[in-house]
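Me: I am in my first year and would like a close look at a single part of this model. Could you walk me through one helix and the side chains that pair up along it?

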Amino acid sequence: MKNNRLMKNLGKAAVAAALLTTSVSPVLAATENKTEVKSNKTAAESSSKKTSSSESSKASSSSEASKSSPSAASSSSKKAAEKSTKKAAKDTKKAAKTTKKSTKKAAKDTKKAAKTTKKSTKKAAKNTKKVAKKAAKDTKKAAKTTKKSTKKAAKDTKKAAKTTKKSTKKAAKDTKKAAKTTKKSTKKAAKNTKKAAKTTKKSTKKAAKNTKKAAKTAKKSTKKAAKKASAKSTSASSTSSAK
């Protein structure tokens, strides 16, 4: 911002100097023309007055006055032009000095600004490089950590899967074994139940047979006892009758 302002001021000073330099000739020319016109006008008025007062008798005097007037005007014009030239040269020199001073200051400021800019750019580049390096380092570190975590997670998953598979296999084996044992036990129990039923049936049949036999024996004994009792009663009756 400061550099732009300095360059703008420098440009304005240069343009002013150039205009001042180029305007010297037109100013001189204008001054000479103005002086010459004034001289001619004065000469014409003088000539006119002298002619009107004495047209015929003072013709030669009028001619001499006309000759002397341009000469005086030319001297005055030359003096004014010299004065204007001197002033214009002085102003030009002053403007050139100011321009040179401004140019020198602007160049110095520009150089200083360029140096500051270069320093800032260098510092910014250094900081950017430092930040980029740190970011790269952090990214690398994060990638390494992620890789490590992923590897560990994969390992743990594999281990867990292996353990699960082993457990499942063992559980299946145990279930199969238990089922086999249950089947065997059930079969054995069924066999024992059948055997027990058969034994019970046999025992019941035998008991029934023994009960029937006992009943028959009891019946037979009862019948025999009755028969004996009857015979005894008959014998007693006979003895009583004999007496």
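Reply: What follows is a look at helix α3, beginning with its setting in the chain and then moving to particular residues.

This is a predicted model, and the protein chain in it contains three helices and zero strands, which read along the sequence as α-α-α. The part to look at is α3, which has the highest mean pLDDT among the elements of the chain, at 85, whereas helix α2 (residues 24-53) has the lowest, at 48. Some care is needed at the beginning of the helix, since pLDDT is below 50 over residues 49-68, a stretch with six contacts in the model beyond near neighbours in sequence, while helix α3 itself covers residues 59-242. Where pLDDT is low, the predicted coordinates should not be read in detail.

A good residue to begin with is Thr99, which sits in helix α3. Its relative accessibility is 15%, and because buried means under 20%, Thr99 counts as buried. That places Thr99 in a group that makes up 9% of the 243 residues in the chain. The side chain of Thr99 also reaches back to the backbone oxygen of Ala95, at 2.6 Å.

Further along are the charged pairs, and the structure holds five salt bridges, among them the three described here. In one of them, Asp138 pairs with Lys134, with the closest N and O atoms 3.3 Å apart. Both residues belong to helix α3 and lie four residues apart, about one turn of the helix. Lys134 is exposed, at 53% relative accessibility, and Asp138 is partly exposed, at 38%.

Another salt bridge joins the side chains of Lys152 and Asp156, with 3.3 Å from N to O. Lys152 and Asp156 are four residues apart in helix α3, so about one helical turn separates them. Here Lys152 is exposed, with a relative accessibility of 53%, and Asp156 is partly exposed, with a relative accessible area of 39%.

The pair Lys170 and Asp174 also forms a salt bridge, its closest N and O atoms being 3.4 Å apart. Because Lys170 and Asp174 are four residues apart in helix α3, they too are separated by about one helical turn. Lys170 has a relative accessibility of 54% and therefore counts as exposed, while Asp174, at 39%, counts as partly exposed.

Technical notes: Residues numbered from 1 in each chain as written. Predicted model: local features only at pLDDT ≥ 70, side-chain atom pairs only at ≥ 80, totals over all residues. Heavy atoms only, no water. Helix = DSSP H or I, 4+ residues; strand = E, 2+ residues; numbered from the N terminus. Buried < 20%, exposed > 50% of the residue type's maximum accessible area, 1.4 Å probe, protein only. Polar contact = N/O pair within 3.5 Å; in protein donor to acceptor, adjacent residues only side chain to side chain. pLDDT = per-residue confidence, 0-100. Contact = heavy atoms within 4.5 Å. Salt bridge = Lys/Arg side-chain N within 4 Å of Asp/Glu carboxyl O.
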